Amino acid sequence: CCLFHQRSVRYLIHRITCAHASAYITYDKVLYTGMIDEYFDYSLGNLEYRSLYFEQEDMPECDNYQGNAVINYTEREVPYTRIIEHKHFEFGKGAGTFITREYPADWRSGDEPYYPVNNERNNTLYEKYKELALKEKNVLFGGRLGQYKYYDMDKVIEAAWEMCEAQ
């Protein structure tokens with residue numbers, strides 16, 4: 001978890017994986033980034049999520065598979081959504097390389113949720129959960145899962161800072 005001070009208000013940014021974060025609050029505010037429906041024990045019903053699965057491949061005979069850390073694939077015929085070549089994050093110069101292919105997957109309870117499924121049914125249900133969330137005095141809901149919204153990483157960090165500023 002990451003603690004920081006701003007205007008004398010302490011914030012705890014932490015993904016709490018169990019419901020009822022308020023039972024654990026020892027800070028003025030908690031930024032909850034888990035599934036908003038899980039926080040409320042699915043009391044209004046389940047929101048839908050998309051998950052991912054990953055396939056890794058060690059390529060000791062290939063020094064440079066794709067020349068870039070990440071390449072996204074949007075073609076319908078390609079089953080994966082991106083390939084990550086890890087050595088490019090660290091500017092690796094050693095022999096061989098290691099890649100990860102990222103595939104979309106249906107989400108099931110117990111899987112890691114990565115993305116909300118923003119359709120009319122889910123967005124309507126989320127708005128009801130949002131009403132419950134606004135009644136929580138010490139808990140802020142943020143991120144893709146807490147706000148049931150797709151965010152790129154730069155935008156989610158910006159949104160978190162703006163939420164903290166508003167407090």
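Start by selecting Arg82: with a relative accessible area of 23%, Arg82 is partly exposed. Here buried means under 20% relative accessible area, exposed means over 50%, and partly exposed is in between, using a 1.4 Å probe and protein chains only.

Before you click on, keep in mind that this is a predicted model, where local features need pLDDT of at least 70, side-chain atom pairs count only at pLDDT 80 or more, and totals for chains, interfaces and linings use all residues. Residues are numbered from 1 along each chain as its sequence is written, and side-chain values use heavy atoms, with hydrogens and water left out.

**Stop 1: the charged pairs**

Add Glu102 to the selection. Arg82 forms a salt bridge with Glu102, and the closest N and O atoms are 2.8 Å apart. A salt bridge here is a side-chain nitrogen of Lys or Arg within 4 Å of a carboxyl oxygen of Asp or Glu. Arg82 sits in strand β6 (residues 82-85) and Glu102 in strand β7, so the pair ties together parts that are 20 residues apart in sequence. Helices (H or I, at least four residues) and strands (E, at least two) are DSSP runs, numbered from the N terminus. Is Glu102 buried or exposed? Glu102 counts as buried, at 5% relative accessibility.

Next, pick Glu55, Glu57 and Arg101, which salt bridges with shared partners join into one network. Put a distance on Arg101 and Glu55 and you get 3.4 Å between the closest N and O atoms of this salt bridge. That pair links distant parts of the chain, with Arg101 in strand β7 (residues 97-106) and Glu55 in strand β4 (residues 49-59), 46 residues apart. The salt bridge from Arg101 to Glu57 has its closest N and O atoms 2.9 Å apart. Arg101 lies in strand β7 and Glu57 in strand β4, so this pair ties together parts 44 residues apart in sequence.

Colour the trio by accessibility: Arg101 is buried at 12%, while Glu55 is partly exposed at 34% and Glu57 is partly exposed at 29%. Across the structure there are four salt bridges. As a rule, side chains of opposite charge can pair when their charged atoms come close.

**Stop 2: the sheet**

Switch to cartoon view. Which order do the strands of the five-stranded open sheet follow? The order is β5-β6-β7-β4-β8, with antiparallel pairing; two strands pair if DSSP finds at least two bridges between them. β5 (70-72) and β8 (115-116) stand at the edges with a single partner strand each, so one side of each has no neighbour in the sheet. Zoom in on β6 and β7, which pair in the antiparallel sense over four bridges. Select Ile84 there, and look for Thr100 in β7 as its bridge partner.

**Stop 3: the cores**

Show side chains for Ile36, Tyr39, Phe40, Leu47, Tyr49, Tyr129 and Phe141: among the 16 residues of the largest nonpolar core, these touch the most other members. A nonpolar core is a set of buried Ala, Val, Leu, Ile, Met, Phe, Trp, Tyr and Cys residues joined through side-chain atoms within 4.5 Å. At least two residues of this core come from each of α1, α2 (120-134) and β9 (139-141), and α2 gives the most, with four residues.

Centre on Phe40. Leaving out residues up to four places away in sequence, Phe40 touches Tyr129, Leu132, Ala133, Glu136 and Phe141 (a contact means heavy atoms within 4.5 Å). Apart from the largest core lies another core, of five residues, including Met59, Tyr80, Ile83 and Tyr103.

**Stop 4: a glycine pair**

Go to Gly34, in the loop between β3 (29-32) and α1 (36-39). Gly34 is buried, at 1% relative accessible area. The C-alpha atoms of Gly34 and Gly142 are separated by 8.1 Å, though their positions lie 108 residues apart along the chain.

**Stop 5: the surface patch**

Turn on the surface and select Met153, Ile157 and Trp161, a nonpolar patch with about 340 Å² of accessible area together. Patches are made of residues with over 30% relative accessible area and no salt bridge; like charges are joined within 9 Å, and nonpolar side chains (Val, Leu, Ile, Met, Phe, Trp, Tyr) within 5 Å. Areas come from the Shrake-Rupley method with a 1.4 Å probe, and for residues only the protein chains shown count as cover. Ile157 belongs to helix α4 (residues 153-166) and is partly exposed at 45%.

**Last stop: zoom out**

In full view, the chain has four helices and nine strands. Of its 167 residues, 37% count as buried.
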